[in-house]
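User: Could you walk me through a few local features of this model? I'll jump around a bit.

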Amino acid sequence: MGALLLEEVRAFTARLQCAEAASGDAGLGIDLLDAIETLKSVGCAVQAVITDGVATSIRADRRAWGLPRADWDRGIASQIALARRESPNRGGRHLGFAQALVHEMPHTLALLRSGRLNEWRAALLVRETACLSAADRAIVDRRLCSDPATLDGVGDRGLIARAKALAVELDAASVVRRHRTAVSERRVTTRPAPDSMAYLSVLMPVEQAVCVQATLGRDADSLIATGNSGGRTRNQLMVDLLFDRGTGASVAAGVPVAAGVPVAVNLVLSDETLLAGGHEAAQLQGFGPVPAGIARQLVADSVDADAETSLQRVYSCPQSGALTAMESQSRTFPKSLRKLIDLRDRTCRTAWCDAPIRHHDHIRSRRKHGATSVHNGSGLCEACNYAKEAPGWTARPVIRRGDTHVMDLGTPTGHHYRSAAPPLPAAARQSEVEAVLIAQLRAS
């Protein structure tokens, strides 16, 4: 029965791919948009039920095998993530979402299954009731979702406000505890933005965030009022003031002019890009590709500021761009090997996971006589490394001539996923061995 359903879903998906044929009729197009939105919600509900079923089945098998309770859940979220082509972090969210809907929020699940609630809004309800007991969560679920008309026309903010109000009414103490936990998880993160920019995000208590923004705005306004803005806008001044106070460096017209506390920044670029005006993009570790002109400017600014700057050569295959060797500046081989893996993999090597590398792992484990080598090594985040140690997981390096480094990951259900390391910048692959430079900039 399950196999037949799978074939039907795939056949329907193929037919749905022809839906754009109705794009010439606006009225029919609107009806299709509505119908497909309902279909998406129904699909999300079915995914949630299946996700919970998969987790329940895996746990039951592990319990029957006599494994310790601590191992029953290991790697389940990662399997969900791989099946949905997402990161393990997202897989964990999908699993938690499914368990909450199936076991504690049946009315929300029913609205999702009927198409009256989409996945995002259902996730908001799950999130805002996460601090409550199962009994109190069920009350919120019944009061907000037992009648489909209750949330009709209500925006996301209104939905969140209603859920929060009910949570406080039912268990104010748990809401306070949740706030304290949230404060303990404050953090600073970055993510790439278009045009070689980046978003710096700070998760902090709301009163602190409002205070920081107000202070930066006040001081930017003061600089503009006194004629000391240097032609910069209020927003530009606020960013420069934040950089100034966070690093100890002063900024004029958006350009750092003095060094603060040294921080190493690895910039990987080809020799042609740095020395011969090449156009191949560089790679800024932890960020991603950077245009050649900006990369050269970063190196020049570092040198002009009298900051410590060092160059280290690495070598790539002229055909594939795979990282093959690195000039050693360290006396201890393990440290150089870890650095080589970091430069080759950039982020976690599990498919669809781009989390920062935290563990340097043997692909074929030491227990199975796996070598401590760059070919048998991979950079993984903590979650992916722990997941692959669960029963039924396999991993092996794939040897294919001319390719970048490839890893094959097998899950307990027999599915296999491959990931390839990204190629290095390589503007001049004519030579037998391509030299690539790592500029380690000591910048504020």
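User: Let's start with Arg346: is it buried or exposed, or something in between?

Analyst: Arg346 is partly exposed because its relative accessibility is 24%, where buried means under 20% relative accessible area, exposed over 50%, and partly exposed in between (1.4 Å probe, protein chains only). This is a predicted model, in which local features need pLDDT of at least 70, side-chain atom pairs count only at pLDDT 80 or more, and totals for chains, interfaces and linings use all residues. Residues are numbered from 1 along each chain as its sequence is written, and side-chain values use heavy atoms, without hydrogens and water.

User: Where does Arg346 sit, and what is its phi?

Analyst: Arg346 is in the loop between α14 (333-345) and β10 (359-362), with helices (H or I, at least four residues) and strands (E, at least two) taken as DSSP runs numbered from the N terminus. Its phi is near 70°, a positive value in a residue other than glycine. Most residues other than glycine have a negative phi.

User: And what about Trp352 in that loop?

Analyst: Trp352, also not a glycine, has a positive phi of about 70°, and with a relative accessible area of 42% it is partly exposed.

User: Switching topic, how many disulfides are there?

Analyst: The structure holds zero disulfides, a disulfide being a pair of cysteine sulfur atoms within 2.5 Å.

User: Why doesn't Cys348 form a bond?

Analyst: The closest cysteine sulfur to that of Cys348 belongs to Cys384 and is 3.7 Å away, so it is too far for a bond. Cys348 is buried, with a relative accessible area of 4%.
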